[in-house]
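Could you walk me through this model, one question at a time? A student and a tutor take it up below.

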Amino acid sequence: MRAVFYYFERDLVKWLRGRVTVISSLVMPAAWLVFVGLALPTKFTDNYLEFITPGILVMTTLFSSLQGGSLMIFDKILGFLNKFLAMPSPRESMLYGKILFISVRGLLQATVILLIATLLGVRVLNPINIILIYFTLFLFSVFFSALSTMIGLYLSDHDSYSAVNSMISMPLFFTSSALMPYDVMPSWLRILARLNPVSYAIDSARMLFEGGIPVNGIIGLAIGAGIMVLLGTYQFRKAVV
């Protein structure tokens, strides 16, 4: 456990030292919320800001999680990864530390979105739902941060990872239920959206904003996150760099 927190602290300190990166990672999701939530004309709802807020929260977590693979590539290029893999601490502790950091970073960004949304009039019914929103985002982040870290383990440069990142993140977001409900989607898009794991997280978060408890959604995200962490653990134990 100590090794996990060491890797977590290492990435956290490195991130906090890059003030421009910290500010930009907090400002960009807020810009999405304000300019899309308040400016985009819609006919299917009278309050598009309330509808899109869960989608922006999940989008923020998704993009933050998928950026996690670049941390692994950074360690690989500078030669840290070889040293970490040779240390006596379990190899998977590096994976868990990075997942923890990436998830905490995503939740910090989500907190900014929640605060801005609250100032703009979006309301969550009770504290339990707020806690479950964070828990849902955490599980979602664990799933994709484990995936991105595994991808970063096998890629050798940032350009390749950026291409893979864009290939994964943008289609997942724009074929999800983030921007519109299922009943106004074209039939082909509706099928893709219902199969999209991002929609699964968005629908769960949206239900929590409405006061419901998405038991099946949270259980599904927990199972998915657990499977991805197990796969990552297996890959890190046999990794050769």
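What follows is a talk about the fold, the record, the pockets and two residues.

Tutor: Glad to help! This is a predicted model, where local features need pLDDT of at least 70 and side-chain atom pairs count only at pLDDT 80 or more, while totals for chains, interfaces and linings use all residues. Residues are numbered from 1 along each chain as its sequence is written, and side-chain values use heavy atoms, with hydrogens and water left out.

Student: How many helices and strands are there in the protein?

Tutor: Helices (H or I, at least four residues) and strands (E, at least two) are DSSP runs, numbered from the N terminus. From that end, the elements run α-α-α-α-α-α-α-α-α-α-α. The count is 11 helices and zero strands.

Student: Why is the protein said to be as compact as a globular protein of that length?

Tutor: The radius of gyration is taken over C-alpha atoms, and the globule rule is 2.2 Å times the number of residues to the power 0.38. For 241 residues the rule gives 18 Å, and the protein is as compact as a globular protein of that length because its radius of gyration is close to that, at 18 Å.

Student: Which residues does UniProt list for "transmembrane region", and how much helix does the span 95-119 hold?

Tutor: The unreviewed UniProt entry lists 20-40, 52-74, 95-119, 131-155, 162-182 and 213-234; positions are in the numbering used here, feature names are shortened, and annotations may be inferred rather than shown by experiment. In the model, residues 162-182 are 62% helix and 0% strand, with end C-alpha atoms 30 Å apart. For residues 95-119 the end C-alpha atoms lie 36 Å apart, and the helix content is 100%.

Student: Which helix gives the largest share of the lining of the largest pocket?

Tutor: On a 1 Å grid over the protein atoms alone, a pocket is an open set of points where a 1.4 Å probe fits, with protein on both sides within 12 Å along at least five of seven lines; lining residues have an atom within 4 Å of a point. The largest one holds about 470 Å³ of space, and among its 21 lining residues Trp15, Thr21, Ser25, Gln67 and Arg105 are the closest to its centre. Helices α1 (2-17), α2 (19-37), α3 (48-66), α4 (68-77) and α6 (92-119) each supply at least two lining residues. The largest share, six residues, comes from α2.

Student: How many charged residues are in the lining of the second largest pocket?

Tutor: This pocket has a volume of about 160 Å³, and its lining includes Glu50, Arg123, Arg206 and Glu210. Here Asp, Glu, Lys and Arg count as charged, Ala, Val, Leu, Ile, Met, Phe, Trp, Tyr, Cys and Pro as nonpolar, and the others, Gly among them, as polar. The lining divides into four nonpolar residues, two polar and, for the class you asked about, four charged.

Student: Is Leu139 buried or exposed?

Tutor: Leu139 lies in helix α7 (residues 127-154). Leaving aside neighbours within four places in sequence, Leu139 is in contact (heavy atoms within 4.5 Å) with Ile218, Leu221, Ala222 and Ala225. Buried means under 20% relative accessible area, exposed over 50% and partly exposed in between (1.4 Å probe, protein chains only). At 9% relative accessibility, Leu139 is buried.

Student: And Ile128, buried or exposed?

Tutor: Ile128 is also found in helix α7. Ile128 and Ser204 are 76 residues apart in sequence and 14 Å apart in space, C-alpha to C-alpha. With a relative accessible area of 56%, Ile128 is exposed.

Conventions:
Points joined across faces, edges and corners; volume = space filled by probe spheres on them.
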